[in-house]
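Visitor: I would like a short tour of this chain. Where do we begin?

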Amino acid sequence: MPQIRPITDLRNTNEMSEICHSKKEPVFITKNGYGDMVLMSMETYEHLINGIEMDNAIAEAEAEYAAGAELLDAREALVSLRRKHFG
């Protein structure tokens, strides 16, 4: 269940930091009863960004496939990469 906290709770920075690190999910901050900000740990942020980058790479590959791009055999591609990078 998401954590929703009023903006006044930001005064207690240590408690908010502990919440962000222990829950490993964003904390939603409200101002006058309305959503205002999202607070999260660096680890949660990096995990979120990595997921977005992976989704974008998959979407790009799917678009290339739909446009008729040349398909590569996975084994051949891995062998080629090994030769190129590991001699």
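Visitor: Which pattern does the protein chain follow along the sequence?

Guide: This is a predicted model, where local features need pLDDT of at least 70, side-chain atom pairs count only at pLDDT 80 or more, and totals for chains, interfaces and linings use all residues. Residues are numbered from 1 along each chain as its sequence is written, and side-chain values use heavy atoms, with hydrogens and water left out. Helices (H or I, at least four residues) and strands (E, at least two) are DSSP runs, numbered from the N terminus. Read that way, the pattern is β-α-β-β-α-α.

Visitor: Why is the protein chain more spread out than a compact globule?

Guide: The radius of gyration is taken over C-alpha atoms, and the globule rule is 2.2 Å times the number of residues to the power 0.38. For 87 residues the rule gives 12 Å, and the chain is well over that, so it is more spread out, with a radius of gyration of 21 Å.

Visitor: What share of the 87 residues count as buried?

Guide: Buried means under 20% relative accessible area, exposed over 50%, partly exposed in between (1.4 Å probe, protein chains only). By that cut-off, the buried share is 10%.

Visitor: Which element gives the most to the largest nonpolar core?

Guide: A nonpolar core is a set of buried Ala, Val, Leu, Ile, Met, Phe, Trp, Tyr and Cys residues joined through side-chain atoms within 4.5 Å. The largest one holds Met16, Ile19, Cys20, Val27 and Ile29. Helix H1 (13–23) and strand E2 (27–31) each give two or more residues. The top contributor, with 3 residues, is H1.
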